[in-house]
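Got the model open in your viewer? Here's a short walk through it, stop by stop. Keep your selection tool handy.

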Amino acid sequence: MITANVLQRVFHIKFGNSSATAFIIDVDEKQYFVTAKHVLKDIKAEDMIEIYHESVWKKLEVKLVGHHDKADVTVFATNNVHLPSHPMTPTMDGIALSQDVFFLGFPLGLMSEAGEINRNFPFPLVKKGCLSSIPIKDPNSPDGRYMLIDGHNNRGFSGGPVVFQKTLGGEFFVCGVIHGYMQDIGDVVPVPTENDTKLVAMQNSGIMKVYSIEHALELINTNPIGCPIPKVTLTGSNN
């Protein structure tokens, strides 16, 4: 069962016309948001993102920690959202091929309103997958370090966390950042005949691409401008 230290660290965010997922990790007594780079790749210094809170979108000032130069990973910080220190440790140590993993986010804008249980933030959807590949460190890789997961994700999960347990019933660790699903090619066939139209449709293969959480830690170690743990709760203005 996913525990509160995971659920309460996952947030629904929006930038421009796209909504996605972000999550908080603690590093050296500071807190950082992690998401997918393709969500915030066009953000500028003066820009604000939005976060879903109290059933509305609220403006949120952020400080960009950095975009990873290879992986689809971005880290930012803010003074306006903080969590109690019940950490979700970022690591890939101890993860095993074929084990169950869980991924969280807000696909298609879906969520569970949690009320005061989650300080009026919504709970994310939770799905389960199987770790299908273990990433191998390759400093020359042009695409960073990533793993593949047998799991069906949808638009909106991007930037969400993938978590695992080292022992059954033990604590959850975050090992990766959701990039998206691998695409497959399907035939477009007119109904009711079976004639080949020579057209194809891109479809969800059921295989997810997830970047290692190590890339987020690299960005943080290079630019450790996170916010100290934690003193205040959310502030901000409605749209």
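Start at the lining of the largest cavity: its largest share, 3 residues, comes from strand β3. A cavity here is a set of points on a 1 Å grid over the protein atoms alone where a 1.4 Å probe fits but cannot get out, and lining residues have an atom within 4 Å of a point. Helices (H or I, at least four residues) and strands (E, at least two) are DSSP runs, numbered from the N terminus. Before you click on, note that this is a predicted model, where local features need pLDDT of at least 70 and side-chain atom pairs count only at pLDDT 80 or more, while totals for chains, interfaces and linings use all residues. Residues are numbered from 1 along each chain as its sequence is written, and side-chain values use heavy atoms, with hydrogens and water left out.

Now select the whole lining: Ile 24, Gln 31, Tyr 32, Phe 33, Phe 76, Ala 77, Thr 78, Val 81 and His 82. The volume of this largest cavity is about 30 Å³, taken as the space filled by probe spheres set on the points, with grid points joined across faces, edges and corners. β3 and β7 each supply at least two of the lining residues.

Next, pick β7, residues 74-77. Thr 74 and Phe 76 on one side, and Val 75 and Ala 77 on the other, are all buried; that means under 20% relative accessible area, with exposed over 50% and partly exposed in between (1.4 Å probe, protein chains only). Add β3, residues 30-35, which pairs with β7 in the antiparallel sense over 3 bridges (two strands pair if DSSP finds at least two bridges between them). Look for Phe 33 opposite Phe 76. Then bring in β6, residues 63-67, joined antiparallel to β7 by 4 bridges. Here Lys 63 stands opposite Ala 77, and β6 and β7 form a hairpin with 6 residues between them.

Time for the largest nonpolar core, which has 45 residues. Such a core is a set of buried Ala, Val, Leu, Ile, Met, Phe, Trp, Tyr and Cys residues joined through side-chain atoms within 4.5 Å. Phe 23 and Val 163 touch the most other members. Strand β14, residues 172-187, gives this core its largest share, 6 residues.

Last stop: helix α3, residues 214-222. Its buried residues are His 215, Ala 216, Leu 219 and Ile 220. Viewed down the axis, they fall within an arc of 140°, so they line one face of the helix; the arc is that of the directions from the helix axis to the C-beta atoms. Spin to the face turned away, and you'll find exposed Asn 221 and Thr 222.

Notes. 1 Å grid on protein atoms, 1.4 Å probe; cavity = no way out; pocket = protein on both sides within 12 Å on 5 of 7 lines; lining within 4 Å.
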